Amino acid sequence: MADSVRERKKSKKPSNSNFKQQRLKAWQPILTASNALPLFFVIGVVFIPIGAVLLVASERVQEHTIEYTDCKTIDGQQCDKFFDNVTNIGKTCNCEVKFDLVEDFNGSVFMYYGLSNFYQNHRRYVRSRDDLQLNGQLKGKVTSDCDPFAKINGTPIAPCGAIANSLFNDTFTLKWLKQPSKPVTVGLTFKDIAWKSDREVKFKNPPGDLKVAFRDYAKPPNWPRPVYELDVNDSDNNGFQNQDFIVWMRTAAFSKFRKLYRRIIRKGDFETGLPKGEYQLDINYNFPVSAFGGEKRIIFSTTSWIGGKNPFLGIAYITVGVLCLVLGISFFVIHLKFGKRHYSNTDHGLQLREM
């Protein structure tokens, strides 16, 4: 008697419940012509107009791109080659590019910088950061993910990591050549170029005076100035809350990308946007790209109700809609031709019978 009780206690058999014995009610959809074909046609009829609307909205976005990788100084020296001389590392190469806008850019105008052949999506690069440090929690230690940009001669780096060390640091001044002898400087602002969640949650400065807070930390090797002096013109835009720095730290998914640099201040001659005409872009060229075969560009763009220029979304909707219509028609023809036949057993063997 005791042995049987002991065996029942050691039994691994699940209890006799609907859940453990897998007797719960289930529903399994069975696709038939009557419910599958209408779905294909509905998706096709709905997606194609949506795609067309998205495509039209994207086409209404105005864009102008200026390539400046091979920008030259007044004396004809190419700025990207300027940094091949090691004695020029840490210096600035100044150049200018003139371009024409053939039409008015009405509404809010945004200024982006673009890079090609720069792989921010590399696994080690993406991990090379210390999120606690970027949140203002300076504790004298940095994560090993930041190696080899974690310390310099035993002194921790702030901000540490490869992403921060490779910060894009070209700067630009835009002028409208309304009159060649009297260029008008276009107002640019960095306000709100970074995501609100990044500005208010992920990136925070340590409390107190920034120079004191970072006195025990070294600057990244490629930076000309420490983090508390990133913006020499606006003290509120320094430290980990510098918006250019925040924008750069949100890594791109592809090797060719663009990031928001500035917004055009709608004031004075630019109340309605950028008027057509000749412009001049003065460039402080600090970010060489020839070492990795990269390219640089500046993009001016307006927006629509769907955001910036993005034809892919509209094309994707139209493609899926057309594909569904083609498949729906094909399956419908197949159903009409073969859908009413089935096999049945008779005294003369297996025969094909029409319903």
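Three disulfides is the count we get here, and please keep in mind that this is a predicted model. As a quick reminder for anyone joining from another field, a disulfide is a covalent bond between the sulfur atoms of two cysteines.

Let me take them one by one. Cys 71 is joined to Cys 95, with the sulfurs 1.9 Å apart. This pair links distant parts of the chain: Cys 71 sits in the loop between strand 1 and helix 3, Cys 95 in strand 2, and they are 24 residues apart. The link is right-handed, with 130 degrees about the S-S bond. Are these two cysteines buried or exposed? Cys 71 is buried, at a relative accessible area of 4%, and Cys 95 counts as buried as well, at 6%.

Now the next bridge, from Cys 79 to Cys 93, with an S to S distance of 2.0 Å. Cys 79 lies in helix 3 and Cys 93 in strand 2, so this disulfide ties together parts that are 14 residues apart in sequence. Here the link is left-handed, at -75 degrees about the S-S bond. Cys 79 has 0% relative accessibility and counts as buried; Cys 93 is buried too, at 2%.

The remaining one joins Cys 146 to Cys 160, again with 2.0 Å from S to S. Cys 146 is in the loop between helix 5 and strand 5, and Cys 160 is in the loop between strand 6 and helix 6, so the bond ties together parts 14 residues apart in sequence. Both cysteines are buried. If you number the bonded cysteines in sequence order, the pairing reads 1-4, 2-3, 5-6.

Strand 2 has come up twice, so where does it stand in its sheet? The sheet is open, with four strands in the order 2-12-7-8 and antiparallel pairing. Strand 2, residues 93–101, and strand 8, residues 182–185, are at the edges with a single partner strand each, so one side of each has no neighbour in the sheet. From one strand to the next, the twist averages 30 degrees. At the strand 8 end, strands 7 and 8 pair over three bridges, and Gln 179 has Lys 182 of strand 8 as its bridge partner.

Last stop, helix 10. It runs over residues 311–338, 28 residues in total, and reaches 40 Å from first to last C-alpha, close to the 40 Å expected. Its buried residues are Gly 314, Gly 321, Cys 324 and Gly 328, and they pack against helix 2, residues 33–59. Cys 324 has a relative accessible area of 11%. Thanks, everyone!

How values were computed:
Residues numbered from 1 in each chain as written. Predicted model: local features only at pLDDT ≥ 70, side-chain atom pairs only at ≥ 80, totals over all residues. Heavy atoms only, no water. Pairing = 2+ DSSP bridges. Helix = DSSP H or I, 4+ residues; strand = E, 2+ residues; numbered from the N terminus. Axes fitted to C-alpha atoms, helices over the stretch in contact; angles between N-to-C directions. Expected span 1.5 Å × (residues − 1). Buried < 20%, exposed > 50% of the residue type's maximum accessible area, 1.4 Å probe, protein only. Contact = heavy atoms within 4.5 Å. Disulfide = S-S within 2.5 Å.
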